[in-house]
Amino acid sequence: MMRSRPYRLLLGRLTPHWKLLALALCAMFVGVTTLAVLPLFIQQLLDGIFIKQDRALVQSTLIALLVLLAVRGIANYMSNHSVATVSSRLVADVRIELFDKLLTLPIDYYRQLNVGKEIESLISQIHEVAHGTIRNIAAGIHDGLVIVGLMLCLFFLNQEFSVLLLFIAPLIMLIAQMTRSQLSKLTQHHSAATQNLSRHVCQSITQYREIRLNGGQTQESQRLGKIAQSFDQEEMRRISLGSLSKLIAELMTALIIVAALYFITQQLFDHSLTIADAGALIAAISLLINPIRRSAELIKSLQHSQPDMESVWLFLDRVSEEDSATQYLKRIQGKLEFKQLRVQKDSAAKPILGPINLTIKPGETIVFTGYTDEEKNTLIDLILRMQQPSSGNLTLDDHSLNDIILNCLHSNIGIIMKDSRLLSDKIAGNIAYGKMRCAHELPITAAAQASHAMAFIREMPEGLQTPVGKDKFQLTQMQRYFIAIARNFLKNPPILILDEVLGLDTPDSGRLFSALDELTHQRTTLVFSRHIPTLKKIDRIVVLENGCITENLTHMRSSHHRQI
């Protein structure tokens, strides 16, 4: 059953591209007009042969006919190319909507998301919805105009006749098959480009904490849009080659028709045919066969693409995360208090956390250890307000976390993660990320020096402006840690979370600990580590076991390294 809503949503997104659509429609009308008057040219040709017996007229008519078919081929090329360009732009628009939606959804959605499979499926569906559906609709409009034009021509001719020129149809269908085969080869690169784009989108999702915390949703969407540009360029190359193949097919078809007509004229000169109007009528009926056949298959094609369309719109209809908090804290001291905090998936299950009662004073450095990955991630997400407790309360500076505006909360918390990755395409962009991207070079340089990152940045080809990433300059994991530390120096948050970044034993670990000692100075710091790190200042060690605090110890020797 056909439902109109998916198509209304699709067509509504075409409004910004109305000029290209108008160009496509005008070119389509020119192509259809040349096709509709083609039988009349044939009639004139046959009249010139049988009635006027004028070879010069026959030759000039054939030349005019060849020009007419060439104009039709060029018009169809312009129409196809314009429609393909519109659909490509529509793909880009809907993909940006996808990126924006993905980066603003509630955190619970990420936990349920099969990142690789579902994202790749969505990107493929967007491609099929835009290109496939727009192509089918354009083909339906074109065939409808062809049918109307040829029916008017038949009405004008008003003759009964037999099918004489149907042998041309198999040749045209063979050329169409060859064209489809060529297009199939050109689309083999599409799958690899889709996988590359999906990989970058998945990376953005897995880094949701750092992106959200630094206010980088808009920048991340723009970065993904830039990556998608290479995808679009490959797609446009495919479109151009496909349109060119169609143009060649049209010109070859024109040559076949002219050659066939020339052969028939020779038969007419031999008096094998005697009715001038017969050829025109046969041509009109022959031209009607394919449009009628395609029109009959159009509904089936649209129904086939409808599930993909509904999946895309259903995803884009998801409600983005909204912040109902109203309290903005001008100055945050960094006092955190957990009051009977409990997190439980359901009433029958064992609590993930809780009950937890803990007060962290401003400027304290607390080491959490003994936890499971689920307990650690849940606790971090509670502090970042990316998850809600089942019961109890968490306060910041004696204000409930739920009352503090989310942007205010995130702008005052920094995080360095164990699997810290690059978030931008240049070193400076990775330091001045998200809301800090307008920072001047001087504070960025100062942050890089404070983090000890400048030691290796100076050795890079373009310093802070060196492009980094998979296909560019490669950074080691340790270098990425220094970049993350520099980002937090620039952000200067009163609260800092270190997520298992201190269990390293490498030649650079001394510089890393030195940078972290400077970074954690006079900040409320929550260190999650399997081992007690060798930081200069550790105020307390909190042991989490089975979701509860089993030990809350004052750390007397901050340089002592031991395992809990």
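How many salt bridges does the structure hold? The count comes to 17, and since this is a predicted model, that number is computed from predicted coordinates. The general idea is familiar: side chains of opposite charge can pair when their charged atoms come close. Let's walk through a few of these pairs and then look at a helix.

Start with E321 and R212, whose side chains meet in a salt bridge with an N to O distance of 2.7 Å. E321 sits in the loop between α11 (276-316) and β1 (336-343), while R212 belongs to helix α9 (residues 208-213), so this contact ties together parts that are 109 residues apart in sequence. How accessible are the two partners? R212 is buried, with a relative accessible area of 7%, whereas E321 is partly exposed at 31%.

Now go to D373, which forms a salt bridge with R530; their closest N and O atoms are 2.5 Å apart. Here again the pair links distant parts of the chain: D373 is in helix α12 (residues 373-383), R530 is in the loop between β8 (524-528) and β9 (540-545), and these positions lie 157 residues apart in the numbering. On accessibility, D373 counts as partly exposed at 44%, and R530 is partly exposed too, with a relative accessible area of 34%.

R530 has another partner to check. It also forms a salt bridge with E500, where the closest N and O atoms are 3.4 Å apart. R530 lies in the loop between β8 and β9 and E500 in the loop between β7 (495-499) and α18 (509-520), so the contact ties together parts that are 30 residues apart in sequence. E500, at 13% relative accessibility, counts as buried because the cut-off for that label is under 20%. Zoom out a little and you'll find that salt bridges with shared partners join R209, D373, K376, D381, K418, D499, E500 and R530 into one network.

Finally, leave the charged pairs and take a look at helix α3 (residues 38-50). Why does its length make sense? At 1.5 Å a residue, its 13 residues should span 18 Å, and the end C-alpha atoms are indeed 18 Å apart, so the two values agree. As for the residues along α3, the buried ones are L38, P39, I42, Q43, L45, L46, G48, I49 and F50.

Conventions:
Residues numbered from 1 in each chain as written. Predicted model: local features only at pLDDT ≥ 70, side-chain atom pairs only at ≥ 80, totals over all residues. Heavy atoms only, no water. Salt bridge = Lys/Arg side-chain N within 4 Å of Asp/Glu carboxyl O. Helix = DSSP H or I, 4+ residues; strand = E, 2+ residues; numbered from the N terminus. Buried < 20%, exposed > 50% of the residue type's maximum accessible area, 1.4 Å probe, protein only. Expected span 1.5 Å × (residues − 1).
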